[in-house]
Amino acid sequence: GRMTPPLFHHVLSLDRPCVLCLGKATVNDAGDVPVAHLRESCCNLLGVCSAGVHIRSAAGAPLFDVRGPSPLWMALCMQCPCRDPFVFEVARADGGGPAGDVQNVPNGCCRMCFTDADDYLVTFAPGTTSHERAALLALVFFLDYTFFQTRNNKNGVAVVGSSCSSHSSHSFGSD
């Protein structure tokens with residue numbers, strides 16, 4: 001189906017309950033109806049394996065498998081303005097080929113050194129449905145919260161990754 005929200009209201013929300021070690025989230029449409037579920041794959045305790053996310057439909061059927069660089073590699077190269085983009089390849093879970101990709105793109109020396117702003121490029125394969133595109137757009141925020149947000153620990157050292165104290169929800173609006 002086609003999602004047509006009223007103007008000036010949120011279009012998607014990403015609901016992230018606090019999970020001790022793995023990131024997970026539910027993508028809801030403007031009517032708060034689940035569209036997809038995202039979950040970080042669990043083979044990455046030391047951050048040396050490639051980053052992975054599994055995306056399932058609202059009914060729980062596998063939609064996409066996402067693979068990207070290792071979190072350790074991303075942490076080492078994060079602030080380098082001359083680095084290549086970090087590419088997360090999105091493949092259909094049924095083996096039907098690529099569904100697109102999400103890239104965390106370097107955004108210039110000043111912005112990378114003095115802000116926590118990130119730029120992303122999302123590519124959709126032809127034939128992706130509106131719900132699949134919604135899931136891939138939510139994947140951008142999920143990847144950002146999981147792998148690219150920095151926070152300072154009590155020693156003043158930047159730590160890469162997401163944290164949550166209890167529960168968080170994020171809405172994406174239309175203007």
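Modeller: A residue counts as buried when its relative accessible area is under 20%, as exposed when it is over 50%, and as partly exposed in between. The structure above is a predicted model, and the values that follow are computed from it.

Colleague: With these cut-offs, is Asp84 buried or exposed?

Modeller: Asp84 has a relative accessibility of 63%, which is over 50% and therefore makes it exposed. Its place is in the loop that joins α1 (71-77) to β6 (86-92). Sequence separation and spatial separation should be read side by side here: Asn104 is 20 residues from Asp84 along the chain, while their C-alpha atoms are 9.1 Å apart.

Colleague: Before turning to further residues, how many helices and strands does the protein chain have, and which pattern does it follow?

Modeller: There are three helices and eleven strands. In sequence order they follow the pattern β-β-β-β-β-α-β-β-α-β-α-β-β-β. The chain holds 175 residues, and buried residues make up 36% of them. Among contacts with a separation of 6 or more, 43% are between residues 24 or more positions apart. The chain exposes about 9700 Å², of which carbon and sulfur atoms supply 59%.

Colleague: How should the nonpolar interior be read, and which residues of the largest nonpolar core touch the most other members?

Modeller: The general idea is that nonpolar side chains tend to be buried together in soluble globular proteins. In this model the largest nonpolar core has 31 residues, and those touching the most other members are Val27, Val53, Ile55, Met74, Phe88 and Leu139. Helix α3 (residues 130-148) gives this core its largest share, eleven residues.

Colleague: Which residues does Leu139 contact, apart from its neighbours within four places in sequence?

Modeller: Leu139 is in contact with Leu38, Val53, Ile55, Val66, Val90 and Val102. Two of these partners, Val53 and Ile55, were also listed among the core residues that touch the most other members.

Colleague: Tyr145 also lies in helix α3. Is Tyr145 buried or exposed?

Modeller: Tyr145 is buried, because its relative accessibility of 17% is under the 20% limit. Its C-alpha atom is separated by 8.9 Å from that of Gly23, a residue 122 positions away along the chain.

Colleague: Where is nonpolar surface to be found on the outside?

Modeller: Leu72, Trp73 and Leu76 make a nonpolar surface patch of about 350 Å². Of these, Trp73 lies in helix α1.

Colleague: How many salt bridges does a search of the whole structure find, and which residues form a salt bridge?

Modeller: The search finds one salt bridge. Glu132 pairs with Arg92, with 3.0 Å between the closest N and O atoms. This pair connects distant parts of the chain, since Glu132 belongs to helix α3 and Arg92 to strand β6, 40 residues apart. Glu132 is buried, because its relative accessibility is 12% and the limit is 20%.

Colleague: Arg92 is also a contact of Thr128. Where is Thr128 found, and which polar contact joins its side chain to another side chain?

Modeller: Thr128 is in the loop between β8 (119-124) and α3. A position in a loop does not settle accessibility, so the value must be consulted: at 9%, Thr128 counts as buried. The side chains of Thr128 and Arg133 are joined by a polar contact of 2.9 Å. A polar atom of the Thr128 side chain also lies 3.3 Å from the backbone oxygen of Ala125. Beyond four places in sequence, Thr128 is in contact with Arg92, Ala99 and Arg133.

Colleague: What is the phi of Asp32?

Modeller: The general idea is that most residues other than glycine have a negative phi. For Asp32, phi is near 65°, a positive value. Asp32 lies in the loop between β2 (24-29) and β3 (34-40). Its relative accessibility of 54% is over 50%, so Asp32 counts as exposed.

Colleague: Finally, how does one read an intermediate value, and what is the relative accessibility of Leu121?

Modeller: Leu121, found in strand β8, is partly exposed, because its value of 43% falls between the two limits. Leaving aside neighbours within four places, Leu121 is in contact with Asp101, Val102, Gln103 and Val105. Its C-alpha atom is 9.3 Å from that of Val87, 34 residues apart along the chain.

Definitions and conventions
Residues numbered from 1 in each chain as written. Predicted model: local features only at pLDDT ≥ 70, side-chain atom pairs only at ≥ 80, totals over all residues. Heavy atoms only, no water. Helix = DSSP H or I, 4+ residues; strand = E, 2+ residues; numbered from the N terminus. Buried < 20%, exposed > 50% of the residue type's maximum accessible area, 1.4 Å probe, protein only. Core = buried A, V, L, I, M, F, W, Y, C linked by side-chain atoms within 4.5 Å. Contact = heavy atoms within 4.5 Å. Patch = residues over 30% accessible without salt bridge, like charges linked within 9 Å, V, L, I, M, F, W, Y side chains within 5 Å. Areas by Shrake-Rupley, 256 points an atom, 1.4 Å probe, with all protein chains shown as cover. Salt bridge = Lys/Arg side-chain N within 4 Å of Asp/Glu carboxyl O. Polar contact = N/O pair within 3.5 Å; in protein donor to acceptor, adjacent residues only side chain to side chain.
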